[in-house]
Amino acid sequence: QLSTPTLLPSTLGSERAVSVSGKSSHSLVLAADGSVWSWGHGAYGRLGHGDDEEQWQPKKVEAFDGQRVLAVVAGGDHNLALTADSAVWSWGLGGFGELGHGDMHQQLLP
């Protein structure tokens, strides 16, 4: 365990991070090009990669290819994103209706 802030190695390729959000077990980064990257504990699909696998380094959320994401926020077991067309996207655990889909199902992809 680290006891001081530590610079992450750049795994975003040539992209520049402009915003970050994290919770107890996962993190999100919004890049300047509007792409979203996630890593951490992947349970319930909270990382948005279509599975529940853990990611030890930032991995691009491919579901947003072709979209320009303006903002992301990490919830406890779910996430929200706002795209340039004013659409709100959600994914992860939906057991309490937190995804806003009108049901209690988990969503593996945004």
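## Open sheet

In this predicted model, strands S1, S2, S3 and S4 form an open sheet, in the order S1-S2-S3-S4 and with antiparallel pairing. Strand S1 (17-22) and S4 each have a single partner strand and stand at the edges, so one side of each lacks a neighbour in the sheet. On average, neighbouring strands of this sheet are turned by 15° against each other, direction ignored.

Within the sheet, strand S2 (residues 26-31) pairs with strand S3 (residues 36-40) over 5 bridges, in the antiparallel sense. Histidine 26 has glycine 40 in S3 as its bridge partner.

## Aromatic pairs

The structure contains 2 aromatic pairs. One joins phenylalanine 64 and tryptophan 89, with 5.7 Å centre to centre and 75° between the planes. This pair is edge-to-face, because planes over 60 degrees apart are counted that way. It links distant parts of the chain: phenylalanine 64 sits in the loop between strand S4 (55-60) and strand S5 (69-74), and tryptophan 89 in strand S7 (residues 88-92), 25 residues apart.

Phenylalanine 64 also forms an edge-to-face pair with tryptophan 91, at 5.6 Å centre to centre and 65° between the planes. Tryptophan 91 lies in strand S7 and phenylalanine 64 in the loop between S4 and S5, so this pair ties together parts 27 residues apart in sequence. Through ring pairs, Phe64, Trp89 and Trp91 are linked into a cluster.

## Burial of the cluster

Phenylalanine 64 has a relative accessible area of 3% and is buried. Tryptophan 91 is buried as well, whereas tryptophan 89, at 25% relative accessibility, counts as partly exposed.

Notes:
Residues are numbered from 1 along each chain as its sequence is written. This is a predicted model: local features need pLDDT of at least 70, side-chain atom pairs count only at pLDDT 80 or more; totals for chains, interfaces and linings use all residues. Side-chain values use heavy atoms; hydrogens and water are left out. Rings of Phe, Tyr and Trp (its six-membered ring) pair if their centres lie within 6.5 Å; planes under 30 degrees apart count as stacked, over 60 as edge-to-face and the rest as tilted. Helices (H or I, at least four residues) and strands (E, at least two) are DSSP runs, numbered from the N terminus. Buried means under 20% relative accessible area, exposed over 50%, partly exposed in between (1.4 Å probe, protein chains only). Two strands pair if DSSP finds at least two bridges between them. Axes are lines fitted to C-alpha atoms, for helices over the stretch in contact, and angles run from 0 to 180 degrees between N-to-C directions.
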